[in-house]
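Colleague: Could we go through this model together? I have some questions about its helices, its pocket and a few individual residues.
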Amino acid sequence: MHSLKRAIKLKVKSELRYIRTLSTVSDIRIYEVGPRDGLQNESKFVPTDVKVELIHKLAAAGIKNIECASFVSPKWVKQMSDGIDVMKTIKRSPGVNYPVLIPNLKGYETAMKCNIEEVAIFPAGSEGFSQKNLNCSVEEGLKRFKEVAVQAVKDGLRVRGYISCVVGCPYDGPIHPKGIAKITEELFEMGCYEVSLGDTIGVGTAGSVQRLMREVLKVAKPENLALHFHDTYGQGLSNLLAGLEFGIKTVDSSISGLGGCPYARGATGNLATEDLVYFLYGLGVNTNVDLVKLIEAGRYISNFLGKMTESRVNRALSDRFKNHSDIVKIAACTVN
Ligand SMILES: [Zn+2]
């Protein structure tokens, strides 16, 4: 009897802590990766003007961080071969951050021709994925990215670090959180202001995310981390909720759920930005993103690609609401 009482007490205590954490979820920073992470997986080449229009639509919807391009070799990723043109053509809105992905110093030099303020580097969290995606070991990759980070910091740029395959790898299987914590630490040491933990193939669950967070938070503050989930097993939002409980403030997402991974069979796109925004409104977090305009942006790119949007929120709400505040009421369940 005694132990039952104790168990109930503990359970209530942990529930209360959970509710307290969620009630303080506020000011979530959305980091849109659709024009880069999303489109780079599309086989149909998206012309520069369509990419630019998509970026404009995202900014008009209120998204403040839009990853626009990647300066990897066009031999690897043809879809991203017009990075310079994209960056030179976009009309930049005040207060919007337009980061780009940089693989090495050569890519960095090219990117610097087009007024860049933030760069992202992307070591892998597993040996197998590093060999396949970067053609080198994790350690060699870190060395290469450090050269970029050091130079970018010297030039007064912000540097963001991505770690891919943080919970599972298509070649190495489950990934131990300790290794990810070590890479996170190294990325901060080389000057990153933020590290985004990427479940590149979308195999994570709330449980594996919790284990990862416990380890990584030994070396980093939650406000300096971001979470990047793919929705392969439909776990994107529950994984995110698990991460938000630890105080994470930045979330990567992709318009319409665009994306995938060429090295992981069956891996679907990123957590869709429309789904994320709806979810956050439901938690009472004001994202300042206009969901009607966001849905329009998702439709625009999905129509161009000739496919149905992967965002369930987009599918459920488009054509039904013309007014953003009506959608917010639904998300918050305050509709009559
Ligand atoms: Zn991704």
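**Helix H7 and its surroundings**

Modeller: This is a predicted model. Among the elements that cover the buried residues of H7 are helix H5 (105-111), strand E4 (118-121), H6, E5 and helix H8 (177-189).

Colleague: Which residues of H7 are buried?

Modeller: They are Val 138, Gly 141, Leu 142, Phe 145, Val 148, Ala 149 and Ala 152. The general background is that an α-helix has 3.6 residues a turn, so residues three or four places apart point the same way.

Colleague: What span should H7 have, and how far apart are its end C-alpha atoms?

Modeller: The 17 residues of H7 should span 24 Å at 1.5 Å a residue, and the end C-alpha atoms are 24 Å apart, which agrees. Just after H7 comes Gly 156, with a positive phi of about 80°.

Colleague: And what precedes H7? Where is Asn 135?

Modeller: Asn 135 is in the loop between H6 and helix H7 (138-154). Its phi is positive, about 60°, although Asn 135 is not a glycine. As a rule, most residues other than glycine have a negative phi.

Colleague: Is Asn 135 buried or exposed?

Modeller: Asn 135 counts as exposed because its relative accessibility is 58%, and the cut-off for exposed is over 50%.

Colleague: Which other residue that is not a glycine has a positive phi?

Modeller: Ser 256 has a phi near 65°. Ser 256 lies in the loop between strand E10 (250-253) and helix H11 (273-282). Ser 256 is buried, with a relative accessible area of 1%.

Colleague: Changing topic: what is the volume of the largest pocket?

Modeller: The volume of the largest pocket is about 550 Å³. The lining has 25 residues, of which Arg 36, Gln 40, Phe 122, Phe 129 and Asn 133 are the closest to the centre of the pocket.

Colleague: Which elements give two or more residues to that lining?

Modeller: Those elements are helix H2 (34-38), helix H6 (127-134) and strand E5 (158-163). H6 gives the most, with three residues.

Colleague: How do the residues of the lining divide into nonpolar, polar and charged?

Modeller: The lining of the largest pocket has 12 nonpolar residues, 11 polar residues and two charged residues.

Colleague: Staying with H2 for a moment, what does Gly 38 touch?

Modeller: Gly 38 is in helix H2. Apart from neighbours within four places in sequence, Gly 38 is in contact with Val 33, Ser 254, Leu 258 and Gly 259. The C-alpha atoms of Gly 38 and Ser 254 are separated by 6.3 Å, although these residues are 216 residues apart along the chain. Gly 38 is buried, at a relative accessible area of 0%.

Colleague: What about Glu 42, buried or exposed?

Modeller: Glu 42 counts as buried because its relative accessible area is 14%, and buried means under 20%. Glu 42 is placed in the loop between H2 and helix H3 (48-60). Leaving out residues up to four places away in sequence, Glu 42 touches Gln 79, Leu 258, Leu 305 and Lys 307.

Colleague: That leads to H3. Which of its residues are buried, and what covers them?

Modeller: The buried residues of H3 are Thr 48, Val 50, Lys 51, Val 52, Leu 54, Ile 55, Leu 58 and Ala 59. Their cover includes strand E1 (29-32), H2, helix H4 (83-89) and helix H12 (291-305). H3 has 13 residues and reaches 18 Å from its first C-alpha to its last, close to the 18 Å expected. Gly 62 follows H3 and has a positive phi, near 105°.

Colleague: Which residues does Ile 301 touch?

Modeller: Ile 301 is found in helix H12. With residues up to four places away in sequence not counted, Ile 301 touches Leu 39, Val 46, Val 50, Leu 54, Ile 255 and Leu 258. Ile 301 counts as buried, at 0% relative accessibility.

Colleague: One last residue: what polar contact does the side chain of Glu 194 make?

Modeller: The side chain of Glu 194 makes a polar contact with the side chain of Arg 29, at 2.7 Å. Glu 194 is in strand E8 (residues 194-199) and is buried, with a relative accessible area of 2%. The residues that Glu 194 touches, beyond those up to four places away in sequence, include Tyr 31, Val 159, Arg 160, Phe 188, Asn 224 and Thr 250.

Terms used: Residues are numbered from 1 along each chain as its sequence is written. This is a predicted model: local features need pLDDT of at least 70, side-chain atom pairs count only at pLDDT 80 or more; totals for chains, interfaces and linings use all residues. Side-chain values use heavy atoms; hydrogens and water are left out. On a 1 Å grid over the protein atoms alone, a cavity is a set of points where a 1.4 Å probe fits but cannot get out, and a pocket is an open set with protein on both sides within 12 Å along at least five of seven lines; lining residues have an atom within 4 Å of a point. Grid points are joined across faces, edges and corners, and a volume is the space filled by probe spheres set on the points. Helices (H or I, at least four residues) and strands (E, at least two) are DSSP runs, numbered from the N terminus. Ala, Val, Leu, Ile, Met, Phe, Trp, Tyr, Cys and Pro count as nonpolar, Asp, Glu, Lys and Arg as charged, and the others, Gly among them, as polar. Buried means under 20% relative accessible area, exposed over 50%, partly exposed in between (1.4 Å probe, protein chains only). A polar contact is a pair of N or O atoms within 3.5 Å; within protein, one must be able to donate a hydrogen and the other to accept it, and residues adjacent in sequence count only if both atoms are side-chain atoms. Contact means heavy atoms within 4.5 Å. The expected span of a helix is 1.5 Å times one less than its number of residues.
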